[in-house]
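Got the viewer open? Let's take a walk through this one, picking selections as we go.

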Amino acid sequence: MVDFNIIGLLGVSIEVLPLVLIILLCIIVGAGVGILIYRMIVIKKVNKARMTANNIIEEANRNAKSIQKEAMLSAQEEVLKLKNDTEAELKVRRAEMDKMNDRFLQREEFINRKEQSLEKRSDNLDEFKQSLDERDKNLKRKTEEIEQKQKDIIHELEKVANMSQKDAKAQLITQVTDEAKLEATTTLKAIEQQTKDDAKKIATDIITQAIQQYSADVTSESTVSTVTLPNDDMKGRLIGREGRNIKAIENATGVDLIIDDTPEAIVLSCFDPIRREVARIAIQKLMQDGRIHPARIEETVKKVEKDIEQEIKEAGENTVMELGINNLHPELIKTLGRLKYRTSYGQNVLKHSEEVASIASKMAVELGLDEQVAKRGGLLHDIGKALDFQQEGTHVSIGVELAKKYKENEKVVNCIEAHHGDVEFRCPEAVLVQAADVISSARPGARRESLDNYVKRLEKIESICNSFKGVEKSYAIQAGREVRIIVRPEQITDAQSLVLAHDIAQKIQNEMEYPGQIKVNVIREYRATDYAK
């Protein structure tokens with residue numbers, strides 16, 4: 001059965017085999033035809049692409065030739081332009097070279113002429129030198145002859161005068177020196193007097209104008225240290241039971257109350273003028289209120305202290321505003337206000353500072369100096385007096401320290417430290433401040449001075465004058481503003497009188513403190529007396 005199936009399958013395969021072969025042949029033939037057609041299409045496209053490429057290449061070649069031609073034309077134009085520019089530049093340079101060549105030729109001709117002139121001068125100088133040499137020989141010969149004759153004459157003069165040349169020369173020098181000193185002293189005195197007169201006139205005009213432009217109250221002031229009571233019963237109320245009220249007032253204000261037999265008055269004693277003013281106002285308010293006990297006293301004192309602080313601030317601000325000073329530190333303004341309750345020889349220091357600032361600024365304007373520096377220096381020159389009873393040191397050193405602390409100008413600091421002559425003046429405004437300070441202090445009615453201090457000052461002036469050799473007597477007059485010195489004429493000459501006056505003035509200035517200035521007059525009088533019998 002198996003064999004039958006195989007034969008059957010084989011039989012079928014044998015019948016179908018020709019058909020398969022035909023199909024395979026058709027496939028092969030179709031594939032060949034397809035390949036042939038594809039190759040034909042591809043070859044056609046390649047040929048077309050080749051033609052396109054050839055066209056592009058030909059177009060590119062044509063464009064390249066065109067560009068090359070244009071480039072050649074452009075290059076030729078640039079070369080032509082460059083050639084033209086070069087030729088023009090060469091032409092200009094040739095012209096410049098021709099000019100330089102002409103100048104060189106001219107200079108060469110000038111140098112040749114100079115050389116010829118110098119050669120002529122050299123020949124002339126040689127001739128002149130020979131002439132000078134001959135003159136020099138003649139001059140030396142004549143000089144030797146003159147010297148010999150001079151020696152002979154001097155020798156003869158020494159024999160006649162019986163004095164050597166050295167002694168005669170010394171005597172002549174001494175005589176000429178004395179005459180020159182006397183003439184110089186006389187001339188110096190005349191010049192000094194003329195200068196003083198001119199300077200005094202100018203200074204008087206400037207100071208007069210400055211004072212006239214400043215109008216202020218010239219009456220002196222003093223800090224009130226006495227409180228008037230309505231009646232003597234008020235003393236008892238102020239003292240209180242076992243003195244508790246007076247102790248409360250002293251503890252609250254720091255002021256000593258002196259209650260003595262003076263009727264209807266009590267005295268306040270304290271180095272601090274502000275505390276003294278607080279105590280005075282507080283006591284007046286307590287007397288007006290009528291309620292006087294420790295609690296009320298403490299409350300009133302605190303209220304018065306606030307009022308005084310406000311017054312101090314307003315006083316400083318008003319002063320600065322009136323003077324037109326800007327950019328002053330608030331602490332300096334407050335410290336200035338404290339000067340309202342400070343006096344110096346009875347003169348209110350705040351008013352004095354305001355006056356000095358005004359006078360100094362007006363003098364600065366007249367002299368063409370810095371008005372603001374003079375004004376600030378004048379206002380701040382005595383600011384240290386507001387704190388001199390609280391801090392150690394002079395009011396000058398305290399004022400300088402305050403000014404430096406609050407960044408004041410160096411010129412203003414110099415005005416403060418130099419207004420009493422403690423240091424040298426480093427700016428002209430400081431001199432004006434010192435002068436204005438003297439003017440304000442020395443004007444009539446500005447300050448008071450105790451009798452003891454006045455007498456001591458006069459005695460000191462006379463003592464200094466009498467300490468100099470040749471002084472016979474001295475008299476301090478015009479309240480110590482002038483001193484007249486009588487000298488011994490046999491010991492002091494007229495020329496020495498000038499030196500003596502200057503030395504005495506310097507010693508008074510160095511050893512004494514005084515308001516204003518002191519005039520020193522030296523009087524020399526020689527009297528010859530005889531009798532006819």
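## Starting at a salt bridge

Select K385 and D382 and show their side chains: the two form a salt bridge, with the closest N and O atoms 3.6 Å apart. Buried or exposed, what is K385? It is buried, at a relative accessible area of 9%. D382 is buried too, with a relative accessible area of 2%. While you're here, keep in mind that you're looking at a predicted model. The structure holds 17 salt bridges, and we'll drop in on a few others.

## Into helix α9

Now pick out helix α9, residues 371-380. Add the side chains of K375 and E371, which pair up in a salt bridge whose closest N and O atoms are 3.8 Å apart. Why is the spacing along the helix worth a look? The two sit four residues apart in α9, so about one helical turn separates them. Flip on a surface and compare the partners: K375 counts as buried at 9% relative accessibility, while E371 is partly exposed, at 33%.

Stay with α9 and go to R376, then add E408 to the selection. This is another salt bridge, and its closest N and O atoms are 2.8 Å apart. The pair ties together distant parts of the chain: R376 belongs to helix α9, whereas E408 is in the loop between α10 (395-405) and α11 (410-417), 32 residues away. Both ends are under cover, R376 being buried with a relative accessible area of 14% and E408 being buried with one of 9%.

## A network of four

Next, select D289, R291, R296 and E299 together. What links them? They are joined in a network of salt bridges, so show all four side chains at once to take in the whole network.

## An arginine without a partner

Jump to helix α7, residues 330-338, and click on R338. Which side chain of opposite charge is nearest to R338? It's E309, 4.5 Å away; R338 is buried yet has no salt bridge. A salt bridge here needs the nitrogen within 4 Å of a carboxyl oxygen. To see what surrounds R338, select its contacts beyond four places in sequence: I274, E309, I312, A386, L387, F389 and Q390.

## Two residues that meet again

Go on to helix α14, which spans residues 494-511, and find A505. A505 is partly exposed, with a relative accessible area of 29%. Now draw a C-alpha to C-alpha distance from A505 to V520: they are 15 residues apart in sequence and 6.4 Å apart in space.

## A greasy patch on α1

Head back towards the start of the chain and select helix α1, residues 2-161, where you'll find I23. I23 is partly exposed, at a relative accessible area of 45%. Add L19, V20, L21, L24 and I27 to I23, and you have a nonpolar surface patch of about 550 Å².

## Last stop: colour by confidence

Finally, colour the chain by pLDDT. The mean for the protein chain is 80, and 86% of its residues reach 70 or more. Where should you be careful? Select residues 1-12: pLDDT stays under 50 there, and the model has zero contacts for them beyond four places in sequence. Then select residues 217-224, where pLDDT also stays under 50. For this second stretch, the model has 24 contacts beyond four places in sequence.

Technical notes. Residues numbered from 1 in each chain as written. Heavy atoms only, no water. pLDDT = per-residue confidence, 0-100. Contact = heavy atoms within 4.5 Å. Patch = residues over 30% accessible without salt bridge, like charges linked within 9 Å, V, L, I, M, F, W, Y side chains within 5 Å. Areas by Shrake-Rupley, 256 points an atom, 1.4 Å probe, with all protein chains shown as cover. Buried < 20%, exposed > 50% of the residue type's maximum accessible area, 1.4 Å probe, protein only. Lys, Arg positive; Asp, Glu negative; His and termini not counted.
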